[in-house]
Amino acid sequence: MKRPPAPAATRLGLGLLAALGGAALSGCLTGWRSPVTAIALHAGLMRWSVDALPATQPELRAAWFRVRPGEAALYRRAGTYAYMRLLRRLGWERLRRESVGFTGRAALTRLERAGREAETNHLLIGSLGLLVAALAAHRRAWTVTLWHLLLTVILHAYPIMLQRTLRARLTRLPGR
């Protein structure tokens, strides 16, 4: 992993403070048990992670990224394609395609890297969501626990499964 230059590190630090501050402000305005606060935390951290990963340029070559046999089929049975159709209806897929700059077969390596970055982001933020849910459960704040578990599944677990399903398809392409 590469250490980002000082200006980028400062920008990332400020971005993280802004994400956490936005969630804290939401907690003060709407209540700490509000779904708006949970959404603000997850969305703010996801926005921050979109900048953080490219700035640090990790290898993203760990064994974790290898899709095991039968894994993609399991995710399809869990409804990842239905989730993908929902994202398309919402316009998310078009937005992501434009931001990644996918231009066909020639950009498959770039698409695979973008998928690994997205998967890493979702894994990290989803893990934080589970940690918040566990801490909330320990304090018996059941609505906070429920919101963070629900958001972790919807905003992080399903995107991870979708990325892994796509990567399985990419690795089956001829010439790859």
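Colleague: What percentage of the 176 residues in the protein chain is buried?
Modeller: Buried residues make up 38% of the chain. Keep in mind that this is a predicted model. The label goes to residues under 20% relative accessible area.

Colleague: How many helices and how many strands does the protein chain have?
Modeller: It has 7 helices and 0 strands. Read along the sequence, the pattern is α-α-α-α-α-α-α.

Colleague: Why is the protein chain called as compact as a globular protein of its length?
Modeller: Set the value against the rule. The radius of gyration is 17 Å, and the globule rule gives 16 Å for 176 residues. The two are close, so the chain is as compact as a globular protein of that length. Along its principal axes, the C-alpha trace spans about 55 × 45 × 30 Å.

Colleague: What share of the contacts with a separation of 6 or more joins residues 24 or more positions apart?
Modeller: That share is 76% in the protein chain.

Colleague: What makes up the accessible surface of the protein chain?
Modeller: Carbon and sulfur atoms hold 66% of about 10900 Å².

Colleague: How many positive and negative charges are there, and how far apart are their mean positions?
Modeller: The chain has 27 positive and 8 negative charges. Their mean positions lie 5 Å apart.

Colleague: How do you know what span to expect for α6?
Modeller: Use 1.5 Å times one less than the number of residues. α6 has 31 residues, and the expected value is 45 Å. From first C-alpha to last, α6 reaches 44 Å, which is close to that.

Colleague: What comes just after α6?
Modeller: R140, with a positive phi of about 60°. R140 sits in the loop between α6 (108-138) and α7 (142-171). R140 is not a glycine.

Colleague: Why is R140 called exposed?
Modeller: Exposed means over 50% relative accessible area. R140 has 60%, so R140 is exposed.

Colleague: Where does L60 lie, and what is its phi?
Modeller: L60 is in the loop between α2 (35-56) and α3 (71-77). Its phi is positive, about 60°, although L60 is not a glycine.

Colleague: Why is L60 called buried?
Modeller: The cut-off is under 20%. L60 has 9% relative accessibility, so it counts as buried.

Colleague: Which residues does E117 touch, leaving aside those up to four places away in sequence?
Modeller: E117 touches L53, P54 and L60. E117 itself belongs to helix α6.

Colleague: How do you know whether E117 is buried or exposed?
Modeller: Compare its value with the 20% cut-off. E117 has a relative accessible area of 18%, so E117 is buried.

Colleague: Why is D51 called partly exposed?
Modeller: That label covers values between 20% and 50%. D51 has 32%, so D51 is partly exposed. D51 is in helix α2. The C-alpha atoms of D51 and L135 are 27 Å apart, with their places 84 residues apart along the chain.

Colleague: What makes T165 buried?
Modeller: Its relative accessible area is 1%. The cut-off is under 20%, so T165 is buried. T165 lies in helix α7.

Colleague: Which residues does T165 touch, beyond those up to four places away in sequence?
Modeller: T165 touches A72, Y75, R76, T80 and Y81.

Colleague: How far is the C-alpha atom of T165 from that of A73?
Modeller: The separation is 8.0 Å, although T165 and A73 are 92 residues apart along the chain.

How values were computed:
Residues numbered from 1 in each chain as written. Predicted model: local features only at pLDDT ≥ 70, side-chain atom pairs only at ≥ 80, totals over all residues. Heavy atoms only, no water. Helix = DSSP H or I, 4+ residues; strand = E, 2+ residues; numbered from the N terminus. Rg over C-alpha atoms; globule rule 2.2 N^0.38 Å. Buried < 20%, exposed > 50% of the residue type's maximum accessible area, 1.4 Å probe, protein only. Contact = heavy atoms within 4.5 Å. Areas by Shrake-Rupley, 256 points an atom, 1.4 Å probe, with all protein chains shown as cover. Lys, Arg positive; Asp, Glu negative; His and termini not counted. Charge placed at Lys NZ, Arg CZ, Asp CG, Glu CD.
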